[in-house]
Amino acid sequence: MLNYKNKPNTAEQINKILHPVVKKWFYSKFKEFSLPQLYGVMEIHSRNNILVSAPTGSTKTLTSFLSILNELIDSSEKGILEDKIYCVYISPLKALSNDISVNLIEPLKEMEEIAGRKFGIRVAVRTGDTTAAEKSKMLKKPPHIFITTPETLGIILSTIKFKDHLKNVDWCIVDEIHALAENKRGVHLSLSLERLNTLSAHMARVGLSATVAPLDEIAKFLVGYENGKIRDCKIVDVQFLKQMDLKVISPIPDLINTTYEEMHMAMYELMNKLIQQHKTTLIFTNTRSATERVVDHLKERFPENYSENAEKSEISGTLSKARGIGAHHGSLSKSFRHRIENRLREGKLKVIVSSTSLELGIDIGYIDLVILLGSPKSVARGLQRIGRSGHQLHDTTKGRIIVLDRDDLVENAVLLKNAIEKKIDNVHIPTNCLDVLAQQIFGIAISNKIHIDDLLRLIKQSYCYHRLERKDFMDIIDYLSGKFISLEDRYIYAKIWHDEETGMIGRKGRLARVLYMTNIGTIPDESYVTVKVGEQIIGKIDEGFLEKLKRGNVFVLGGEKYEFQFSRGMVAQVKSSVQRPPTIPSWYSEMLPLSFDLAMDIGRFRRLMEEKLSKAHKKEEVLDFINHYVYVDTNAANAIYNFMKEQCDYAEIPHDKKIIIENYNDGGTKYVIFHTLFGRRVNDCLSRAIAYVISRLQHINVEIGITDNGFYLSSAKNIQAEKALKMLKVDKLDMLLSMAIEKSEVLKRRFRHCAARALMILRNYKGKIRRVGRQQVSSMILMNAVKRIDPNFSILKEARREVLEDLMDIKNTKYIIEQIQQKKIKVKKITTNVPTPFAFNLVLQGYTDMLRMDNKIEFLRKMHEMVTAKIALKK
Amino acid sequence: MQIQKSIEIRDLALYLKPDNVLIIADLHLGFEEALNKQGILVPRFQFRDLVKRLEKVLDRKYKLIIVNGDIKHEFGKISEQEWQETLKILDLLSKHAEKVILVKGNHDTILGPIARKKGVEIAESVIVGNNLIMHGHELAKNIPKDIKTIIIAHEHPAISLKEPGRIERFKCFLKGKYKTKNLIVMPSYNPLVEGSDILQEKMLSPYLKQNLDNFEVFVVEDKVYSFGKLKKIRKIT
């Protein structure tokens, strides 16, 4: 049963259980217990399952280690400390060492100093980088606290010798569980936890999470099921612990009648002002290329304020005069990122710009302002980012979202409202992933023989597989035991044996273990090319980008400019210190989708606006309403008012209960714009389904453009969009969309990922590592072959599921279609020869490849002028 | 369909009508086994599919069948089963022709034992009428003056055609010029080989290290579709 813990323990209660040394250490460091500690320490002490959800920097990690160190020190003092692993700590971050050092190693050292002796408590980190010598040391003398990643846990659970050390674990801590639950790494982990549970049946599970919803589901994900019932778990919700100072700001009062240059200037002026008013600022952009661009522009426009290599930091008054600026994103090399992180902690950076890489856990030192450039697309992500400021528990977090167009303004205004009103969007936890299941069953089979009924029972204990069908499970057993292949060839494909008479399965082949160890994992290989100056690694760019580079091209990476020389294999050689302006990289598609819940709330806001506007309230009243409803300043309220008013006067406002289908004709091409503000994941499904129906209905091909706010279809011929929408049926949608994506690039790519996870494509085989490009070619052959065996071959079925459920959102798409059929969402058709204001960004989407940014804004302004002229005519 | 006077496209093969000669290329037998050895566990259909597809053109008796290179994907360590399959294909071809010639490809390092066993001929290139047939992984040392057309393979030409949300690759023949001679490039007969996209990928054959804009494209699917010049296709895709 899940149980919210509503009352914290008292400090006295906790003091009572703390060992004197631990207590002395604690009060030498802190004045008092933090809320997560008051709620969590006793539960962990009592070995209860617990999920603690609290913002970053609220001492979650220390909370868990405090209880556990307390136990170990107590045992050590009593001389009963055993040679076994007491605690398994799992974190999604590979660069763990810093966090561990701050929250575990340092405290332990200081406690030993206080006690005046060593406790003999061993801590060991094991990741993919751990050397053989270190491994063998751990094997001989197991660490008391074992720190690892989900992938490595999967490996050691299949390691015969090391497994013995996992037979009596007291605690398993899963840190940053919110970041794991939403992808296949988490699905993989959920099975590993059950495997660990069979070895240590009395292990308590501790989940540590940043702001996330729904907590119930995350808690279930953490603890899993036993005998068909969810295991007990206490939930501690201190998500809104910190004071928040949040604002949406626009660089200029009028977001539409401004040239690109003016907008651009104003944005950097504003950023500079904010940065200079604070000690250290963290800026989030949504893409790696934008990260580079911002660093570049700040340096160029304000050379006196920012410099890449400013090492000196003079202290004058309270504000440091640090001028350092740095970029931090996933394409930069590990050592580069490390350097930047260190300079940040040392106070040498005035500002750091990141895409998404600094969202997660690692302690990043003192930050007093977070700027979000563009929408974080979900409330949870917004809170997570903004929470990186004011890292001290009692500090106020300070966040500013800078918006650049009117859609962005409305979106962020509602996002902020939800953040302030503590309404967090729900995460999607993938379930029944057959590729991960195949990998884990293989892992289990190579470590011991097991009856398939027992195996299925074990698997169904995981939250992610609780509803797994026996047929899907048996398909995976058949796949692993090679039953899909004729008998004489089976020896090549079978990874396990399955005796149908006894129902047992087990390891097959001498290579099985090596194969498992070297190919495990759920993160797909991306095709990245290493960028080097001479022998020095600078970072990585994706393969697609490399193809576009020609000798002499200048691009930006890590805030520095480089000139491309040549490439050989997977290495691109570049020259540094370039004076010419850069050709900014266009990265791999990194766009974050708008969360469905937030999208619906924006729709609701639009609906309320329509009500206000249509009832002919005075402008002041409507402005009052806006101010009241979304907490924005006068500038922003005015901009929102004008935006909505224009749409309303020119046509009408689409919202959560009204879809508008806008037929727009630019002279040649015919556009049908669907105003469906449901987020990109739903719009991806809807648009593909409709386009597929149209292609069947009218035998024409249409072009699709998708955003979070809607999508458009275009064709030289008339499109029967309304009819197509009406033909969508909830019960047929799975089939329809499966057909619609059957020939798509995305399915081919996802099939490669799934085949690799299911070990159908071995990335690492007999010592050879296969390049992604080669993998992709062979995966096509593989896909065609398995289709012939069975169009619903388990791994292919999984690829389709992944596309439709994880990448897109078929579940909510069905919900929307149902609402349309029940007339709860109205559908209205309008015709325009200049697109409505709400359609601007949507139509522009189609031009984005051809238009440069400044032209894009020109286009937007031109459209806007035409709309206002038309409204004037109407009056 | 005629690709050129007295040369017909018959499925993925070429038929030299006046001489009653059939040319097939790049069978790459054992491709799946090679993939398996690299850790790609693709199930095996190739042999069955290949035989079925060959039967479409083996509907008569030819004077000569030429395999224009790469009958096998790789030699070296090959299993008994792979040996048997190769021999079976040669038997099948022999049944439908008075004579079979294997043109050496870059993969055909040790054709000798097979050829001896089945009594087929091996050649670097074959001349039929005024056509020179060779694999095309390297240039011919000297081309006789009276040769008008060079027929090569090796490249596995194919073309990717896109529409929103969908991309399909089709095998094709190419027809163009090499210096003063006509040049025809044949696709692979292997059902698993998708072919290299001539719109995207770098050409391998020394004969094709040139501007291909004026090469004509003939896509083979249920029948042959003439697509016209490559530069025209480039414009619309």
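# A tour of chains A and B

Select strand 17 of chain A and strand 18 (residues 397-402) of chain A: the two pair in the parallel sense over four bridges. Keep in mind that this is a predicted model.

**Stop 1: strand 17 of chain A**

Zoom in on the pairing with strand 18. Show Leu373(A) and Ile402(A) as sticks; Leu373(A) stands opposite Ile402(A) in strand 18 of chain A.

Now add strand 12 (residues 281-284) of chain A. Four bridges join strand 12 of chain A to strand 17 of chain A, and the two run parallel. Label Leu282(A) here: its opposite residue in strand 17 of chain A is Val370(A).

Next, select residues 369-373 of chain A alone. Is strand 17 of chain A mostly covered or mostly open? Mostly covered: five of its five residues are buried. Turn the strand to look at each face. On one side sit Leu369(A), Ile371(A) and Leu373(A). On the other are Val370(A) and Leu372(A). Every one of these residues is buried, so both faces are covered.

**Stop 2: two helices of chain A**

Select helix 26 (residues 680-698) of chain A and helix 28 (residues 733-741) of chain A. Their axes come within 9 Å and cross at roughly 80°. That angle is why helix 26 of chain A counts as roughly perpendicular to helix 28 of chain A.

Show the side chains at the crossing. Helix 26 of chain A brings Cys685(A), Arg688(A), Ala689(A) and Tyr692(A) to the contact. From helix 28 of chain A come Leu733(A), Leu736(A), Leu737(A), Met739(A), Ala740(A) and Ile741(A). Color this contact by class: nine residues are nonpolar, none is polar and one is charged.

**Stop 3: chain B as a whole**

Hide chain A and show chain B as a cartoon. Chain B has five helices and 16 strands. Its C-alpha trace spans about 50 × 45 × 35 Å along the principal axes. A compact globule of 237 residues would have a radius of gyration near 18 Å; chain B has 17 Å, which agrees.

Of the 237 residues of chain B, 44% count as buried. Among contacts in chain B between residues at least 6 apart in sequence, 68% join residues at least 24 apart.

**Stop 4: where the chains touch**

Bring chain A back. How many residues does each chain give to the contact? Chain B gives 18 residues and chain A gives 26 residues.

On the chain B side, select helix 1 (31-37) and strand 12 (166-178); these are the elements that give two or more residues. Strand 12 of chain B supplies the largest share, three residues. Finish by coloring the chain B side by class: nine nonpolar, four polar and five charged residues.

Methods. Residues are numbered from 1 along each chain as its sequence is written. Chains are lettered from A and ligands numbered from 1 in the order in which they are written. This is a predicted model: local features need pLDDT of at least 70, side-chain atom pairs count only at pLDDT 80 or more; totals for chains, interfaces and linings use all residues. Two residues are in contact if their C-beta atoms, placed from the backbone, lie within 7 Å. Ala, Val, Leu, Ile, Met, Phe, Trp, Tyr, Cys and Pro count as nonpolar, Asp, Glu, Lys and Arg as charged, and the others, Gly among them, as polar. The radius of gyration is taken over C-alpha atoms; the globule rule is 2.2 Å times the number of residues to the power 0.38. A residue is buried if 20 or more other C-beta atoms lie within 10 Å of its own, exposed if 12 or fewer, and partly exposed in between; C-beta atoms are placed from the backbone. Two strands pair if DSSP finds at least two bridges between them. Axes are lines fitted to C-alpha atoms, for helices over the stretch in contact, and angles run from 0 to 180 degrees between N-to-C directions. Angles under 35 degrees count as roughly parallel, over 145 as roughly antiparallel, 65 to 115 as roughly perpendicular and the rest as oblique.
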